[in-house]
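Q: Can you walk me through the side-chain contacts in this one? Short answers are fine.

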Protein chains: 2
Amino acid sequence: MNRIINDPDHVVEDAIQGYLQAHPDYFTPTDNARVLKYPAAPVSGKVGIVTGGGSGHEPAFLGYVGKNMLDAVAIGEIFSSPTAGAFLDAFKAADGGAGVACLYGNYAGDNMNVKMAMKKAAAAGIAVKTVVANDDVASAPASEIDKRRGVAGEIMMWKVGAAAAAKGYDLDGVIGAAQKAIDSCRSIGVGLSSCTIPAVGKPNFHIDDGKMEIGIGHHGEPGIEVSPIQPASEMAATMLDFILGDMPLAQGDEVAVLVSGLGATPVMELYIYYGEIARRLAARGINVHRRYVGNYFTSLEMMGVTLTIMKLDDELKTLIDMPSQSLGLTQVE
Amino acid sequence: MNRIINDPDHVVEDAIQGYLQAHPDYFTPTDNARVLKYPAAPVSGKVGIVTGGGSGHEPAFLGYVGKNMLDAVAIGEIFSSPTAGAFLDAFKAADGGAGVACLYGNYAGDNMNVKMAMKKAAAAGIAVKTVVANDDVASAPASEIDKRRGVAGEIMMWKVGAAAAAKGYDLDGVIGAAQKAIDSCRSIGVGLSSCTIPAVGKPNFHIDDGKMEIGIGHHGEPGIEVSPIQPASEMAATMLDFILGDMPLAQGDEVAVLVSGLGATPVMELYIYYGEIARRLAARGINVHRRYVGNYFTSLEMMGVTLTIMKLDDELKTLIDMPSQSLGLTQVE
């Protein structure tokens with residue numbers, strides 16, 4: 001295991017210390033060691049934006065704390081939900097009196113812990129509403145859309161929700177915008193190699209050399225199909241077909257495209273892949289309003305790529321265009 | 001080989017197409033398929049900033065084209081120098097009449113091709129001066145400092161040189177600032193695993209599982225020592241000792257720190273590592289004025305980390321603080 005760590009059981013604590021040392025402009029510690037907040041948070045009268053999730057997906061989740069982005073984040077162990085206490089303390093850190101939008105991904109542990117935290121928040125007089133991301137088309141059929149997992153579409157949901165809050169939307173308005181954002185997103189991933197959680201010390205799952213797993217989840221959840229690795233062009237076509245089969249797009253539609261590496265895939269390959277996606281969208285007359293290509297939502301050192309397409313309307317365009325600053329995504333104009 | 005590519009012999013072309021599709025705000029193509037320029041370049045009366053180098057180090061080199069960053073870049077095959085023709089065309093793309101500063105790394109191929117390109121540029125009436133980065137302390141002893149390779153310190157050299165040009169320094173002034181920047185930088189890398197060039201199809205070199213190679217180069221050039229993998233704390237101490245042995249720092253000195261992953265090392269580990277560096281610098285009373293932690297200068301899917309420390313004076317602080325925008329480094333304030 002070729003890792004840069006100290007105690008394998010303390011990698012999350014050690015990483016948080018590094019983040020705090022490196023970026024006091026982005027992170028203020030709280031009384032809860034697993035909750036970080038943006039220094040300016042909470043902003044009085046603004047809806048607080050919170051997420052939380054397992055570690056190992058960096059820059060997600062904490063890397064999206066920032067200006068016009070997340071106000072606070074709850075941090076879990078690698079690939080594990082934060083505790084209910086961490087979600088609750090993140091709500092408290094983000095609440096400026098206008099309530100908190102908790103925008104998170106559809107995983108059993110997160111669902112349970114957010115629900116528990118919301119009960120305690122209500123008792124403490126903090127209004128919390130949620131949007132549960134479910135953009136991964138491979139994780140359940142369209143007829144069971146509420147069983148789908150949230151993946152990189154969460155970043156679009158955070159960006160839109162945070163922009164709405166910054167523009168002064170009230171809690172219901174923020175929730176509505178974030179819900180629209182994730183409802184307009186579809187994602188699918190392809191995995192080419194596994195990853196190793198330091199405290200476990202052996203690969204989390206297995207992909208044969210030369211094979212790819214279409215529809216794999218961010219933690220190695222089984223995908224739809226294992227096949228020999230396709231050229232980038234076929235891989236792009238296959239993945240796009242899954243998305244467009246689930247969310248049809250017509251000529252003239254406008255979209256945002258997010259291509260994220262899973263960690264170890266070289267960045268140049270993400271651009272080869274994006275080139276294939278861009279050509280196919282252009283051929284269909286679909287206009288790419290914004291695109292993001294890079295390591296936005298990873299799974300330790302997995303090789304592979306995820307594709308997220310978000311269908312835009314005027315409101316979503318305005319919100320996604322809002323300048324923002326965070327480690328994971330800084331948008332100047 | 002778990003890669004997202006089409007033809008292994010055309011990965012650079014295919015990646016460039018993806019970059020052009022994704023980022024028209026950063027890249028304008030030129031008549032030379034291996035030269036990209038910033039859309040606003042050349043700026044009349046401003047010294048043009050050019051670099052070039054092999055592909056596979058993304059976001060280096062092309063990812064540092066941008067506002068108050070590089071004006072043009074010459075792009076080589078993976079781990080290979082751009083041609084003399086590409087350097088020449090990059091000079092032409094960047095020259096706004098005030099000359100061109102070519103800021104590149106000390107590798108035989110780059111040295112040869114830049115020299116040839118400069119002769120042709122002189123014949124074409126373009127003034128070109130160079131700074132050759134040699135920040136890698138592991139690549140030659142201090143007595144042979146001009147044999148040292150350039151590594152991630154190049155990013156600091158580009159940022160400082162580009163800021164000087166943006167502030168209106170003339171060509172000699174820009175060269176002086178960039179030279180001071182790289183003279184103030186020391187870097188060292190540790191490799192934990194190898195990488196595979198797609199057209200070669202097998203690992204470029206070999207590191208035994210559980211071993212680390214201190215002082216390894218960006219292309220797997222042999223390092224100083226192979227040892228069992230150390231905990232992050234020892235690794236940080238070892239690397240810092242090499243740098244401070246070469247460039248002593250005293251209490252009260254101010255530095256910029258750049259920690260870059262080599263590609264496949266999870267970002268959370270880079271922060272664990274940065275935390276160790278930050279603690280050690282603080283204990284010595286050295287003030288970290290700026291820090292950069294992430295995948296700034298990679299080597300395909302190598303695992304490992306490089307540490308760069310730049311000693312700052314008032315001029316370097318002013319220049320490094322200048323806001324800039326590029327894919328690899330956007331600094332808002």
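A: Aromatic pairs come up below, then salt bridges.

Q: What kind of model is this, and how are residues and chains labelled?
A: This is a predicted model: local features need pLDDT of at least 70, side-chain atom pairs count only at pLDDT 80 or more, and totals for chains, interfaces and linings use all residues. Residues are numbered from 1 along each chain as its sequence is written, chains are lettered from A and ligands numbered from 1 in the order in which they are written, and side-chain values use heavy atoms, with hydrogens and water left out.

Q: How many aromatic pairs over all chains?
A: The count is 17. Rings of Phe, Tyr and Trp (its six-membered ring) pair if their centres lie within 6.5 Å; planes under 30 degrees apart are stacked, over 60 edge-to-face, the rest tilted.

Q: How do A:Y19 and A:F27 sit?
A: They pair edge-to-face. The centres are 5.8 Å apart, with 90° between the planes.

Q: Is A:Y19 buried or exposed?
A: A:Y19 is buried, at 3% relative accessibility. A:F27 is buried too, at 2%. Buried means under 20% relative accessible area, exposed over 50%, partly exposed in between (1.4 Å probe, protein chains only).

Q: Which residues form a cluster with those two?
A: A:Y26 and B:Y271 join A:Y19 and A:F27 in one aromatic cluster.

Q: Switching to salt bridges. How many over all chains?
A: There are 36. Each is a side-chain nitrogen of Lys or Arg within 4 Å of a carboxyl oxygen of Asp or Glu.

Q: What does A:K311 bridge to?
A: A:D253, with the closest N and O atoms 3.9 Å apart. A:K311 lies in strand β13 (residues 303-311) of chain A, and A:D253 in the loop between α6 (232-246) and β11 (254-261), so the pair ties together parts 58 residues apart in sequence. Helices (H or I, at least four residues) and strands (E, at least two) are DSSP runs, numbered from the N terminus.

Q: Are A:K311 and A:D253 buried or exposed?
A: A:K311 is partly exposed at 32%. A:D253 is buried at 18%.

Q: And where are A:E276 and A:R280?
A: Both are in helix α7 (residues 267-283) of chain A. They are four residues apart, so about one helical turn separates them. Their salt bridge has its closest N and O atoms 2.8 Å apart. A:E276 is buried at 7%, while A:R280 is partly exposed at 25%.

Q: What about B:E276 and B:R280?
A: Their side chains meet in a salt bridge, 2.8 Å from N to O.

Q: Which residues are linked in a network?
A: A:R3, A:E301 and B:E269 are linked by salt bridges.
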